[in-house]
Amino acid sequence: MELTASDLTVARGGVPVLDGVSFALAPGRALVLRGPNGAGKTTLLRTVAGLQPALAGEVSGAGERITYAGHADGLKSMLSVGENLHFWARVFGTEGIGTALSAFNLETLEDRLAGTLSAGQKRRLGLARLMVTGRPVWVLDEPTVSLDTASVALFAEAVRAHLGQGGSALMATHIDLGIPEADDFDVTPYRAQPRAALQDEAFL
Amino acid sequence: MIALLTRDLRLAVRAGGGFGLGLAFFLIVTVLVPFGVGPQTDLLTRIAPGILWIGALLACLLSLDRIFALDWEDGSLDLLATAPLPMEGIVSVKALAHWITTGLPLVLAAPALGVLLNLAGPGYLWLFVSLALGTPALSVIGTFGAALTVGLKRGGLLMSLLVLPLYVPTLIFGAEVARRGAEGLAVQTPLLMLAGISFGVAALLPFASAAVLRINLR
């Protein structure tokens, strides 16, 4: 099942930032959103993830099929690495965290408290969470922040493995991941024109 | 749901989780009152039910802003919102976890603290019953307040201002049960009202909390 966005208008704080965005993401493919800071990549991802409503247009094939990873990793610092992953596995009703741990090279850290990890290790744990959710569509916002080159390679490998199993990924990133299945999608042409008329200032 | 409950309980008892904070606050408030009022045992007996109820209410209030603020800060609230749990279930579980970590210890400790305030003999049972019935309402209403103010920096004070007026009916009927019980009067009417408030808010408020939480996550 494809993830499609048709004629999507997304807003941040009531102000439209992207207008008329349409794309389709087939299983086994990845779509990389490109655009300068403030272009609206995060807003678009949050809208696709269902965290905020679209001003216009619609998203189909998302909902219960997606898993979202934002700027924050959503880790509990007083829980160990294993406990953090087990919690998300139970929430999503999946079994086993072993493959996720090994994919991101976290086995040796399983009993460490998440609060004592370095920034890059936390990020790896946050990305390992994607694997335990078992959801087919990954929606990722700047997944490679604070990762070193080796970890970026681990991440790219995990994404390719996920795509190989018929999953798909929609991500915003500024670096080249070297994933051949990925298409670039530049959001710059869709930037919304400032529209003062949209705000009903008469009623404020 | 059970996973979320066990995680919240586990976090509460670990360092920095704030477990026992409300209980310690309750203890200090009830210990301070006799010092402030002076050694007039008959006066203390009369005000004991009210003081214990207000103490429990303030202790409950103290830990409310942790319900969602911590999850919001580290991003887990966004992730929970995209998880297969319904938002109404998440807020109900959060309220339950808050009650278990804050309300339940208060209920169990209140009779012991009644001794410090020279609570009348029959009052102990009714104080226990009224708190056991009333503190869940405090947690559920508090969860609503926490959902309203999630994402606000230093939202704790605003939340107190929003939540305290909503606590008034629970306080009136809860303290009334304890007072009437202590004086040996019939407690049926305020007890039924208190039970009605608790069950009513537990049934309805999670929907409101979930709705405001969805708006605040945007």
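This note goes through a predicted model of chain A, from its overall make-up down to a single residue.

1. Secondary structure. Chain A is built from 5 helices and 8 strands. Read from the N terminus on, these elements follow the order β-β-β-α-β-β-α-α-α-β-α-β-β.

2. Overall dimensions. The radius of gyration of chain A is 18 Å, which agrees with the value near 17 Å that a compact globule of 204 residues would have. When taken along the principal axes, the box filled by the C-alpha atoms of chain A comes to roughly 60 × 40 × 30 Å.

3. Burial and contacts. Of the 204 residues in chain A, 52% count as buried. Among the contacts in chain A with a separation of 6 or more, 70% are between residues 24 or more positions apart.

4. Surface and charge. Chain A has an accessible surface of about 9000 Å², and carbon and sulfur atoms account for 51% of that area. The chain carries 17 positive and 22 negative charges, and the mean positions of these two groups are 4 Å apart.

5. The residue M1(A). This residue lies in the segment before β1, the strand that covers residues 3-12 of chain A. M1(A) counts as exposed because its relative accessible area is 64%, and exposed means over 50%. Leaving aside residues up to four places away in sequence, M1(A) touches P27(A), G61(A) and R65(A). M1(A) and L25(A), which are 24 residues apart in sequence, are 8.9 Å apart in space when the distance is taken from C-alpha to C-alpha.

How values were computed:
Residues are numbered from 1 along each chain as its sequence is written. Chains are lettered from A and ligands numbered from 1 in the order in which they are written. This is a predicted model: local features need pLDDT of at least 70, side-chain atom pairs count only at pLDDT 80 or more; totals for chains, interfaces and linings use all residues. Side-chain values use heavy atoms; hydrogens and water are left out. Helices (H or I, at least four residues) and strands (E, at least two) are DSSP runs, numbered from the N terminus. The radius of gyration is taken over C-alpha atoms; the globule rule is 2.2 Å times the number of residues to the power 0.38. Buried means under 20% relative accessible area, exposed over 50%, partly exposed in between (1.4 Å probe, protein chains only). Contact means heavy atoms within 4.5 Å. Accessible areas come from the Shrake-Rupley method with a 1.4 Å probe; for residues, only the protein chains shown count as cover. Lys and Arg count as positive and Asp and Glu as negative; His and the chain ends are not counted. The place of a charge is taken as NZ of Lys, CZ of Arg, CG of Asp or CD of Glu.
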